[in-house]
Amino acid sequence: MEGYKGNDSISSTGAYETELVGELMQVIETVGSYSGFRRTQRKECLNLVRRLKLLMPLLEEIIETDKVSVLNEAFDCLDGLNKALLGAKRLLKDCCYGSKIYLALESEAVMSRFHGVYDKLNQALDGIPYQELGISVEVKEQVELMRMQLKRAKKRTDTQDMELAMDMMVVFSQRDDRNADSAILERLAIKLELHSIVDLKAETVAVRKLVKKRGSHNAEGIQHTLQLLDKFRKIAGVNENNVLDTPISLKSLQRCQSLLIPHEFLCPITLEIMTDPVIVATGQTYERESIEKWLNSNHRTCPKTGQTLDHLSLAPNYALRNLILQWCEKNDYELPKKHSHGGSGGSLVKEISSLIHNLTSCQPDVSREAIVKIRMLSKENPDNRIVIANNGAIPILVKLLFYPDSQIQEHAVTSLLNLSIDEANKRLIAREGAIPAIIEVLQNGMDAARENSAASLFSLSVLDENKVLVGSLNGIPPLVDLLQNGTIRGKKDAATALFNLSLNQANKTRAIKAGIVPALLRLLEDKNLDMIDEALSILLLLASHPAGRNEMGSMSLIKTLVEIIKNGSPKNKECGTAVLLELGVNSSSFTLAALQYGVYEDLVELGRCGTSRAQRKANSLLQHMSKCEHIPFNLMK
């Protein structure tokens with residue numbers, strides 16, 4: 001290396017190699033300092049970092065060797081290891097600082113990058129001359145153990161987070177927006193750790209960097225990332241105009257001034273001076289308008305501390321306001337004009353209390369009018385849902401599910417659906433015995449009531465304990481019936497609920513016994529319903545269950561899957577290939593049947609031109625086919 005001045009004990013011949021080993025050690029130390037890996041890849045990242053650290057004793061022993069000629073001979077291995085470690089560093093950096101949404105959307109592509117790093121590490125370590133370098137037996141065994149772990153990790157089935165995938169699909173579908181979808185967004189936000197103001201601001205910065213870096217590459221993935229981030233920001237009450245604005249565009253005029261304003265005078269949410277400071281239950285102070293926006297977006301936590309709020313009352317911080325006014329007067333600073341706060345909370349609580357009382361009226365018209373208003377109020381505002389539940393409405397609404405008037409029954413189940421968006425209410429509704437009553441309406445109610453019953457069971461089953469409860473209370477058969485015989489909207493609600501419930505292993509068995517597989521096959525064959533992706537997503541879940549595969553084997557499902565892979569939309573092809581791969585790796589008979597229907601050429605084409613996920617699934621299936629015995633060669637051409 002030109003200009004290099006090495007150690008006195010190392011000749012110039014081995015100086016570069018020694019420096020290279022030092023750089024490798026520095027890379028491992030750097031990745032070891034990374035923290036806060038994105039949740040979707042956290043386990044894989046931590047495992048990779050742990051394995052890379054196992055290389056440190058090897059590098060330490062190499063750098064201590066005095067066998068310069070051997071160092072020279074090991075150059076190719078060291079150079080390959082350097083490239084592999086730099087690739088690992090780039091990957092881990094992306095998983096540490098990249099967009100959480102994009103990493104979730106592209107989880108399979110990211111997993112392919114991990115597998116590529118594993119291969120390069122193994123190839124580089126394959127030629128290390130342990131004996132010539134004088135590497136100890138213990139260190140050699142440690143490296144070989146690491147290589148074995150990498151090979152095992154490479155062979156693991158590429159398992160997608162199915163709940164996350166289905167939630168994404170529902171959010172991005174073009175169907176009518178319904179209030180229960182807020183539950184999906186909330187679950188997604190929690191799963192991706194994007195439910196606080198601080199997290200969302202960091203994600204916004206990461207997305208801006210992503211757009212700048214990726215440009216037009218994978219435009220669909222970036223567009224979906226932007227859409228979902230916008231939805232998260234709206235439910236959190238973040239009102240910046242555009243994610244792609246420059247980071248300081250909205251604050252550029254105030255930033256210089258805000259640097260002079262005492263930190264305690266700034267709202268932790270907006271970083272602007274407070275005009276109406278209020279104290280929340282944790283003792284933190286916020287601008288009234290910004291914290292109300294946060295609370296009205298279905299949050300019950302303190303944005304700054306993350307603690308759950310014991311109550312949602314806001315107490316004016318008069319002492320701080322006086323200090324702010326004194327500072328403004330002294331520094332000739334004019335506070336921004338804001339609308340004065342009108343206290344209507346007390347009257348609303350009285351109204352809700354009165355409406356709940358009227359629900360039990362002996363006069364049908366009075367109870368009907370009351371429940372219509374309860375339904376409306378529970379839809380409009382997160383605070384209303386809490387107030388309605390806290391005033392004892394839930395047990396009364398459960399009783400009204402058995403009311404002989406079909407309209408009151410529909411309003412009752414829809415009110416419970418709206419209330420169930422609040423996570424605390426989910427548990428309360430289940431505790432009050434609502435689930436068997438909702439199942440009863442699902443079985444015997446009118447169309448609209450059945451649809452909203454299915455949506456309610458979906459919303460409630462976001463909690464794992466409610467998944468178990470719905471299944472054990474025989475809620476799956478009527479959902480399968482709605483999937484077969486309901487209205488279009490009813491079928492969609494039933495499909496979403498059944499997917500959610502089938503994340504539980506026991507519920508998969510119940511759904512299969514209830515006849516879900518033939519019902520899903522009919523959805524695949526009816527192109528007018530536009531439910532192919534939903535049906536395939538549920539089939540992918542059931543294909544991991546032996547009874548599900550057995551049921552699918554007795555149907556004309558493989559022929560239908562091949563037709564979808566040939567002629568479906570890009571997303572249809574992607575989902576269809578995923579199902580066929582899951583079936584094929586478990587039974588060669590599925591693979592043989594698909595080849596007999598002529599799927600091979602379509603898989604080759606999909607492996608070249610499909611979506612990124614479709615390409616991976618198609619190539620995995622082609623690779624599996626090439627290894628299958630007893631498959632005639634003429635079918636694979």
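The following conversation goes through helix packing, nonpolar cores and two loop residues in a predicted model.

Colleague: How are helix α30 and helix α33 oriented to each other, roughly parallel or roughly antiparallel?

Modeller: Two packed helices are described by the angle between their axes and the distance between the axes. Helix α30 (residues 532-542) and helix α33 (residues 570-584) have axes 9 Å apart, and they pack at an angle of about 20°. Angles under 35 degrees count as roughly parallel, and therefore α30 is, with respect to α33, roughly parallel.

Colleague: How many nonpolar residues are there in the contact of α30 with α33?

Modeller: On the α30 side, the residues that meet α33 are I532, D533, L536, L539 and L540, while the α33 side includes K571, C575 and V579. Divided by class, the residues of this contact include two polar and three charged ones, and the number of nonpolar residues is seven.

Colleague: Which classes of residue make up the contact of α2 with α5?

Modeller: Helix α2 (residues 42-53) and helix α5 (residues 75-97) cross at roughly 145°, and their axes come within 11 Å. From α2, the residues C45, L48, V49 and L52 meet L85, A88, L92 and C95 in α5. The contact has no polar and no charged residues, and its eight residues are nonpolar.

Colleague: Which helix gives the most to the largest nonpolar core?

Modeller: In soluble globular proteins, nonpolar side chains tend to be buried together. Here the largest nonpolar core has 113 residues, and F232, L483 and I516 are those with the most contacts inside it. With eight residues, the helix that gives the most to this core is α30.

Colleague: Which residues does I516 touch, leaving out those up to four places away in sequence?

Modeller: I516 is one of the residues with the most contacts inside the largest nonpolar core. With residues up to four places away in sequence not counted, I516 touches V480, L483, L498, A511, I538 and L542.

Colleague: Is D530, which has a positive phi, buried or exposed?

Modeller: Most residues other than glycine have a negative phi, and most peptide bonds are trans. D530 is not a glycine, yet its phi is positive, at about 55°, and this residue lies in the loop between α29 (516-525) and α30. Because its relative accessibility is 60%, D530 counts as exposed.

Colleague: What does N474 count as, given its relative accessibility?

Modeller: N474 also has a positive phi, of about 65°, although it is not a glycine. N474 lies in the loop between α25 (464-472) and α26 (476-485). Its relative accessibility is 47%, so N474 counts as partly exposed.

Terms used. Residues numbered from 1 in each chain as written. Predicted model: local features only at pLDDT ≥ 70, side-chain atom pairs only at ≥ 80, totals over all residues. Heavy atoms only, no water. Axes fitted to C-alpha atoms, helices over the stretch in contact; angles between N-to-C directions. Helix = DSSP H or I, 4+ residues; strand = E, 2+ residues; numbered from the N terminus. Parallel < 35°, antiparallel > 145°, perpendicular 65-115°, else oblique. Contact = heavy atoms within 4.5 Å. Nonpolar A, V, L, I, M, F, W, Y, C, P; charged D, E, K, R; others polar. Core = buried A, V, L, I, M, F, W, Y, C linked by side-chain atoms within 4.5 Å. Buried < 20%, exposed > 50% of the residue type's maximum accessible area, 1.4 Å probe, protein only.
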